[in-house]
Amino acid sequence: MERVPILKIGDILLVSIQVDMSDQTAIQLQEDLAERIVATGCHGVIIDITALDIVDSFVGRMLSTIASISKVLDAETVVVGMRPAVAITLVELGLSLNGIRTALNVERGMELIAVSRADEWDEAADDEDTETTATA
């Protein structure tokens, strides 16, 4: 069975899918990724699908499931490298990638995650300021 590599870059895990996704490969990726998120404390997951020529309903569901698992573990998912034909196929199949943001490439995906984390920190700081003012 082939395994999909998961690389750590700063606070982000990069998953580059270079193989055809079988059921077993997808399940193994979900387990491996969940373990790596917990072990590293990363807050972002980038899934690079540049090498995929075809995304069917199975792969679409797999991406949604990975995003849901990541979200529960406090990590945002961004899918990058989607080809125009893949985007058209997803729309034609009626697949919505719930919980998944998309970007054209890895660099833009990293920027999305960085901005999202900065916004969360700003909101948390505002909440702390409000609590401090209310108790003062």
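Helices and strands here are runs picked out by DSSP and numbered from the N terminus, where a helix needs at least four residues and a strand at least two. With that in hand, you can read the protein chain of this predicted model as a string of elements: starting at the N terminus, they go β-β-α-β-α-β-α-β-α. That gives you four helices and five strands.

Let's start with the strands. The five of them make up an open sheet, lined up in the order β1-β2-β3-β4-β5, and their pairing is mixed. Look at the two edges: β1 (6-9) and β5 (100-103) each have a single partner strand, so one side of each has no neighbour in the sheet. The sheet has some turn to it as well, since neighbouring strands are rotated by 25° against each other on average, ignoring direction.

Now zoom in on β1. What holds strands of a sheet together? Backbone hydrogen bonds pair them, either parallel or antiparallel. β1 and β2 (residues 12-16) run antiparallel, with four bridges joining them. To see one pairing for yourself, find Lys 8, whose bridge partner in β2 is Leu 13.

Next, bring in a helix. Which strands does α2 touch? Helix α2 (residues 57-72) packs on the sheet and touches β3 (44-48), β4 (76-80) and β5. Its direction makes about 150° with that of β4.

Finally, step back to the protein chain as a whole. Of its 136 residues, 38% count as buried. Take the contacts between residues at least 6 apart in sequence: 73% of them join residues at least 24 apart. On the outside, the chain exposes about 7,900 Å², and carbon and sulfur atoms supply 54% of that.

Conventions:
Residues are numbered from 1 along each chain as its sequence is written. This is a predicted model: local features need pLDDT of at least 70, side-chain atom pairs count only at pLDDT 80 or more; totals for chains, interfaces and linings use all residues. Side-chain values use heavy atoms; hydrogens and water are left out. Two strands pair if DSSP finds at least two bridges between them. Axes are lines fitted to C-alpha atoms, for helices over the stretch in contact, and angles run from 0 to 180 degrees between N-to-C directions. Contact means heavy atoms within 4.5 Å. Buried means under 20% relative accessible area, exposed over 50%, partly exposed in between (1.4 Å probe, protein chains only). Accessible areas come from the Shrake-Rupley method with a 1.4 Å probe; for residues, only the protein chains shown count as cover.
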